[in-house]
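Subject: Structure handover

Hi there,

Here is the structure I promised to pass on to you. Have a look at it first, and then read on for what turned up in it.

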Amino acid sequence: MDANVKQHYLADSPPTVVRLEIKHHFDNLKDKNLRKYAHYISRAAFEGTRVTLRQVSPESEPIYDLILALHRACDGKWPELAQRTNVSDENLRFFLEYSAQFLGNCGNYKGFGDSKFIPRLPVDAFEALASATPETKAAFEKANTTGGGIYETSEQSLMHLGYPEAGHMTTYYPDSPSITKDEITAIGDFFEQKGMPLENTRLRKTSAGDFELLLASGVSNPPARDRDLGDVSSFNLDGGLKGKKVTLVFGDHKEEMAKIAHSVKQAGLHAANDIQKKMLDAYALSFGAGSIEAIKESQRLWVKDQKPVLETNLGFVETYRDPHGVRGEWEGFVALVNLERTRAFGKLVDSAESMIPKLPWGKDFEKDKFLSPDFTSLEVLSFQSSGIPAGINLPNYDDIRQNLGFKNVSLGNVLSAKAPNEPIPFIPEADQEVYRRCRDPAFEVQVGIHELLGHGTGKLLQETAPGEYNFDVSSPPISPVTGKPVSTWYKPGQTWSSVFGAIASSYEECRAECVAMALSCDFSILQIFGLGDGKEDISNEAGDVLFASYLSMARAGLVALEFWDPKTKKWGQAHMQARYSILRTFLDAGDDFVKLSYTKEDLSDLEIRLDRSKILSHGRPAVEKYLQKLHIYKSTADVEAGKALYDDITSVDEWWGTALRDLVLKNKIPRKVFVQGNTVLEGDEVILKEYEPSLEGIIQSFAERGV
């Protein structure tokens with residue numbers, strides 16, 4: 001790998017470290033039972049830290065152990081350790097920067113971007129630092145020789161997560177370099193036909209060519225009554241895998257899952273109501289016995305637990321990092337409700353039924369009845385994952401979402417966390433003031449619409465059982481895209497993820513982002529958030545926020561190029577691929593609605609010029625035309641047309657992938673690393689311990705978490 005390419009993979013220097021501010025809200029939580037509930041669910045979430053690490057790369061868990069061992073070796077007195085091992089101040093700083101970024105991403109691949117990052121300090125300096133004790137010396141040796149190690153960059157393909165057959169890194173298919181995409185698909189289809197989702201699994205190909213489906217569970221041999229497929233432990237495969245078999249192997253992440261199940265049971269002793277108790281019982285069954293049906297039951301109950309004081313969720317949730325898009329990464333969170341902001345979101349929920357008809361697809365492609373969700377503004381107490389989002393729409397199971405409903409949450413203290421004096425490249429000087437002033441309210445509006453009316457809308461046309469349909473199959477709906485009756489739909493057992501596969505996550509994020517872009521132009525929605533008087537006026541305060549929203553999306557689409565890998569021709573982040581496609585939609589809207597303006601050959605003065613007077617006349621119609629296709633292809637399971645559309649609009653040519661991408665990399669702003677507090681049980685009291693928003697602070701927080 002040449003030096004310039006390698007430079008791109010160096011850890012941020014410095015990373016942007018901010019504290020997730022929660023003390024004020026936690027201090028106002030007086031109820032001892034609620035505090036204990038929050039404590040035990042937080043424990044359960046963080047007890048999955050090593051699961052997440054193992055889902056990133058083979059070396060991530062050993063690197064984690066190395067960082068904690070070095071902290072123990074000096075009790076957090078890092079300058080003393082550097083002096084003792086003759087390591088320079090600069091190299092110590094580089095180590096701390098790498099460690100903070102590693103912990104913030106829960107692994108050595110970016111949680112937002114899926115590319116590997118390596119330390120800036122030379123390997124001999126890292127080795128010297130780790131020579132402090134026999135424990136740290138052994139930990140360094142293990143971390144640097146397991147998997148791709150700390151420093152390995154020679155294999156370009158291994159610098160990104162993806163399918164094994166393409167040479168990419170993945171631990172969802174452990175010890176299986178020869179497993180193919182077709183084999184993964186065939187086994188996925190096999191279990192889909194049996195009605196068994198695969199979020200809590202990994203898949204291994206044996207030396208004999210058979211397969212093992214590894215299920216995360218706290219016991220190795222759960223009783224048949226607790227298993228999704230009863231007492232059958234192996235199956236003979238057919239089709240292209242005829243003659244091969246797949247065996248169910250329980251006990252993946254056994255130690256961690258047992259601890260999680262125990263903490264969940266402890267939380268159940270402090271649940272606020274019967275629904276929560278039953279939900280936690282279902283969680284405990286799932287994490288103990290490996291049942292995905294139990295986790296689905298927990299989500300059915302979670303949706304019914306409306307307006308709790310504390311909001312939580314646990315499990316193998318998002319499937320972005322599995323190259324096949326079906327296996328979930330462990331995550332869990334606990335958050336406190338912000339009542340003031342929740343009231344605004346409640347008004348948005350109340351307006352939903354009047355807003356949905358404004359979307360460009362008609363009632364045939366929309367749920368028969370909008371299932372009014374719980375939409376809450378939360379302040380995060382604990383969030384264990386490879387990256388904390390700004391908003392969430394759960395559960396991810398379409399059958400629950402369509403039949404029972406869903407919840408939307410906006411994470412207020414994530415949205416508001418900022419580093420001081422943060423530069424904003426590519427925004428013209430004339431637009432900087434309005435952009436800085438309005439980007440937070442613009443993002444809050446965008447997140448609200450994205451989660452509620454983006455992910456929360458849409459009907460999947462389905463053959464729900466052989467010969468049974470959720471639409472009139474004798475007179476199929478007319479597609480607004482083609483003007484003809486639809487001819488494709490979901491067959492029994494098929495899901496959105498199983499049909500659209502690897503592009504499903506990014507495609508759906510794009511659909512939701514487009515809904516946000518379209519409906520944020522509705523000034524009655526802006527009024528709900530306290531912006532303007534509901535009258536259409538692009539020049540007032542609401543117009544400023546709308547302008548900031550469109551400008552922010554255009555900028556996000558440009559900086560998304562950081563997450564495009566020109567060597568593998570692969571996008572590394574679902575949301576950024578989506579935002580790139582929306583920028584391309586803006587640019588194609590015509591009449592110079594959006595243009596990339598520059599005068600210098602090296603593009604160093606490039607700015608995004610967005611004509612705010614054309615947002616309603618050019619921007620919104622262009623987005624709605626794109627959104628209509630995205631939605632109809634999803635609704636009708638038309639993966640052929642959907643994939644062709646999405647692959648085309650997210651393709652990156654030479655100029656975008658080289659000249660523009662190089663410019664983006666030169667101007668990139670490090671992604672935030674959040675320092676979270678810990679809850680500690682002291683006698684009958686739960687105490688919140690906070691840490692300094694610093695490199696040392698985030699390491700200390702993990703060291704004292706004890707997971």
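A residue is called buried here when its relative accessible area is under 20%. Please keep in mind that this is a predicted model.

Let me begin with the aromatic rings. W571 is buried, and Y580 is buried as well. A search of the whole structure turns up 33 aromatic pairs, and W571 with Y580 is one of them: their ring centres are 5.1 Å apart and their planes meet at 45°, a tilted arrangement. F586 and F593 form an edge-to-face pair, with 5.7 Å from centre to centre and 80° between the planes. Both of these phenylalanines, F586 and F593, are buried. Elsewhere, ring pairs connect W78, F95, Y98, F102, F117, F126, F140 and Y151 into a cluster.

Two tryptophan rings also have a lysine over them. The charged end of K407 sits over the ring of W302, 4.6 Å from the ring centre. For K634, the charged end sits over the ring of W496, at 4.9 Å from the centre.

Next, a residue worth clicking on: L96, which belongs to helix α7 (residues 89-105). Is L96 buried or exposed? Its relative accessible area is 4%, so L96 is buried. Beyond its neighbours within four places in sequence, L96 touches W78, L695, E696 and I699. W78 is also a member of the ring cluster above. If you would like a sense of distance, L96 and R227 are separated by 131 residues in sequence and by 44 Å in space, C-alpha to C-alpha.

Now for the salt bridges, of which the count is 42. One of them joins the side chains of K32 and D684, at 3.5 Å from N to O. K32 is in helix α3 (residues 32-46), while D684 is in the loop between β18 (678-682) and β19 (685-689), so this pair ties together parts that lie 652 residues apart in sequence. K32 is partly exposed, at 40% relative accessibility, and D684 is partly exposed with a relative accessible area of 40%.

D114 and R321 form another salt bridge, with their closest N and O atoms 3.0 Å apart. Since D114 is in the loop between α7 and α8 (123-129) and R321 in the loop between β6 (310-316) and β7 (330-337), the pair ties together parts 207 residues apart in sequence. Both D114 and R321 are buried.

K358 and D522 also meet through their side chains in a salt bridge, 2.6 Å from N to O. The loop between α14 (339-355) and β8 (374-384) holds K358, and the loop between α19 (504-519) and α20 (523-528) holds D522, so parts 164 residues apart in sequence are tied together. K358 is partly exposed at 38% relative accessibility, whereas D522 is buried at 11%. Salt bridges with shared partners also join R50, R54, E61, D65 and E256 into one network.

Last, a sheet to look for. Four strands make an open sheet in the order β2-β3-β5-β4, with mixed pairing. The edge strands are β2 (201-205) and β4 (234-236); each has a single partner strand, so one side of each has no neighbour in the sheet. From one strand to the next, the twist averages 25°. β2 and β3 (residues 211-216) run antiparallel and are joined by five bridges. Within that pairing, R202 has L214 in β3 as its bridge partner.

Enjoy exploring!

Best wishes

Notes:
Residues numbered from 1 in each chain as written. Predicted model: local features only at pLDDT ≥ 70, side-chain atom pairs only at ≥ 80, totals over all residues. Heavy atoms only, no water. Pairing = 2+ DSSP bridges. Helix = DSSP H or I, 4+ residues; strand = E, 2+ residues; numbered from the N terminus. Axes fitted to C-alpha atoms, helices over the stretch in contact; angles between N-to-C directions. Phe/Tyr/Trp six-rings, centres within 6.5 Å; stacked < 30°, edge-to-face > 60°. Buried < 20%, exposed > 50% of the residue type's maximum accessible area, 1.4 Å probe, protein only. Lys NZ or Arg CZ within 6 Å of the ring centre and 35° of its normal. Contact = heavy atoms within 4.5 Å. Salt bridge = Lys/Arg side-chain N within 4 Å of Asp/Glu carboxyl O.
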